[in-house]
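Here is a quick walk through one protein model, written for someone who likes to think in terms of contacts and accessible areas. Have the viewer open and follow along.

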Amino acid sequence: MSVDNEIVMRDVTNAGLVVSDRIGRDVASQIDLEDALEASRYASHPYTAQPREWPPLVEVVDSWELPSVLIERYNASSGEGTALCGVFPEIRRAWASVDNTLFLWRFDKWDGHCPEYSGDEQAICVVGLAKVKPGIFVEAIQYLLILATPVEVLYLHECSTLFIQVM
């Protein structure tokens with residue numbers, strides 16, 4: 001090996017050591033996310049973490065497939081529309097919306113019913129549930145489904161398995 005090659009190799013080796021040292025110092029100076037959350041249990045930190053010895057917050061007991069009509073509608077939109085979903089534990093129902101259509105079904109047992117409500121052309125962007133004030137509606141109606149689109153708010157109630165628009 002020539003003298004020039006030896007000098008270059010020594011410089012490359014030294015540069016590699018310097019870069020490795022710098023990377024090591026950068027990594028050592030960063031705080032691990034788990035450690036940061038662990039430290040957040042103190043009053044000076046705004047976030048809290050669940051202690052490791054606690055059981056998990058959510059336990060999957062059972063799982064069900066989504067209603068086929070919902071899957072078909074979603075696939076028909078080619079995944080380019082607006083799709084939302086959620087759960088209303090108060091009425092034991094799960095819901096999903098695809099564009100301007102809302103689907104509602106029981107999540108605790110499949111009864112074969114998945115009523116759907118199709119609104120105007122506007123996509124559903126918010127779905128909520130509100131407990132009604134006693135004496136306003138017939139006694140059988142205890143909750144209102146609230147749907148919002150970019151241009152309107154709709155109040156719906158469930159009567160048997162069909163949606164009926166009330167306002």
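## Starting at Asp108

Let's begin with an acidic residue: Asp108 is partly exposed, at a relative accessible area of 32%. Keep in mind that this is a predicted model. The side chain of Asp108 pairs up with that of Arg106 in a salt bridge, at 2.7 Å from N to O. Is Arg106 buried or exposed? Arg106 comes out as buried, with 16% relative accessibility, because anything under 20% falls in that class. So this salt bridge joins a partly exposed Asp108 to a buried Arg106.

The pair isn't on its own, either. Arg92 joins Arg106 and Asp108 in a network of salt bridges. Arg106 also sits within the range of strand 3, which spans 101–106.

## The overall layout

Zooming out, the protein chain contains three helices and eight strands. In what order do the elements run from the N terminus? The pattern is α-α-α-β-β-β-β-β-β-β-β, so the helices lead and the strands follow.

Some bulk numbers help to set the scene. The protein chain has 167 residues, and 22% of them count as buried. Its accessible surface is about 12500 Å², with 57% of that belonging to carbon and sulfur atoms. As for contacts between residues at least 6 apart in sequence, 35% join residues at least 24 apart.

## Salt bridges along helix 1

How many salt bridges are there in total? The count comes to five. Helix 1, residues 3–29, hosts a couple of them. In one, the side chains of Asp21 and Arg25 meet at 2.7 Å, N to O. In the other, Asp26 bridges to Arg22, with the closest N and O atoms 3.8 Å apart.

Both pairs follow the helix geometry. Asp21 and Arg25 are four residues apart in helix 1, which means about one helical turn separates them. The spacing works likewise for Asp26 and Arg22: four residues in helix 1, so about one helical turn. The partners are partly exposed: Asp21 at 41% relative accessibility, Arg25 at 47%, Asp26 at 35% and Arg22 at 46%.

## A nonpolar patch on the outside

Helix 1 also holds Val27, a residue that is exposed at 57% relative accessible area. Together with Val19 and Ile23, Val27 makes a nonpolar surface patch of about 280 Å².

In soluble globular proteins, nonpolar side chains tend to be buried together. Against that background, the patch of Val19, Ile23 and Val27 is worth a look in the viewer.

## The nonpolar cores

Which residues make up the largest nonpolar core? It has eleven in all: Phe88, Trp95, Leu102, Leu104, Tyr117, Ile124, Val127, Leu145, Leu147, Leu154 and Leu156. Strand 3, strand 6 and strand 7 each supply at least two residues of this core. There is a second, separate core too, made of seven residues, among them Ala94, Val98, Phe103 and Trp105.

Leu147 is a handy place to look at the packing. Setting aside residues up to four places away in sequence, Leu147 touches several fellow core members, including Leu102, Tyr117, Ile124, Val127, Leu154 and Leu156. Its contacts also take in Val126, Glu152 and Val153.

## Thr149 and a pair of cysteines

Just along the chain, Thr149 lies in the loop between strand 6 (143–148) and strand 7 (153–159). Despite being in a loop, Thr149 is buried, with a relative accessible area of 11%. What is Thr149 in contact with, leaving aside neighbours within four places in sequence? The answer is Gln122, Ala123, Ile124 and Cys125. Of these, Ala123 is 26 residues from Thr149 in sequence, but their C-alpha atoms are 5.8 Å apart in space.

Cys125, one of the residues that Thr149 contacts, is partly exposed at 39% relative accessible area. Cys85 counts as exposed, at 63% relative accessibility. How many disulfides does the model have? The count is zero, because a disulfide would need a pair of cysteine sulfur atoms within 2.5 Å.

How values were computed
Residues numbered from 1 in each chain as written. Predicted model: local features only at pLDDT ≥ 70, side-chain atom pairs only at ≥ 80, totals over all residues. Heavy atoms only, no water. Buried < 20%, exposed > 50% of the residue type's maximum accessible area, 1.4 Å probe, protein only. Contact = heavy atoms within 4.5 Å. Areas by Shrake-Rupley, 256 points an atom, 1.4 Å probe, with all protein chains shown as cover. Core = buried A, V, L, I, M, F, W, Y, C linked by side-chain atoms within 4.5 Å. Patch = residues over 30% accessible without salt bridge, like charges linked within 9 Å, V, L, I, M, F, W, Y side chains within 5 Å. Salt bridge = Lys/Arg side-chain N within 4 Å of Asp/Glu carboxyl O.
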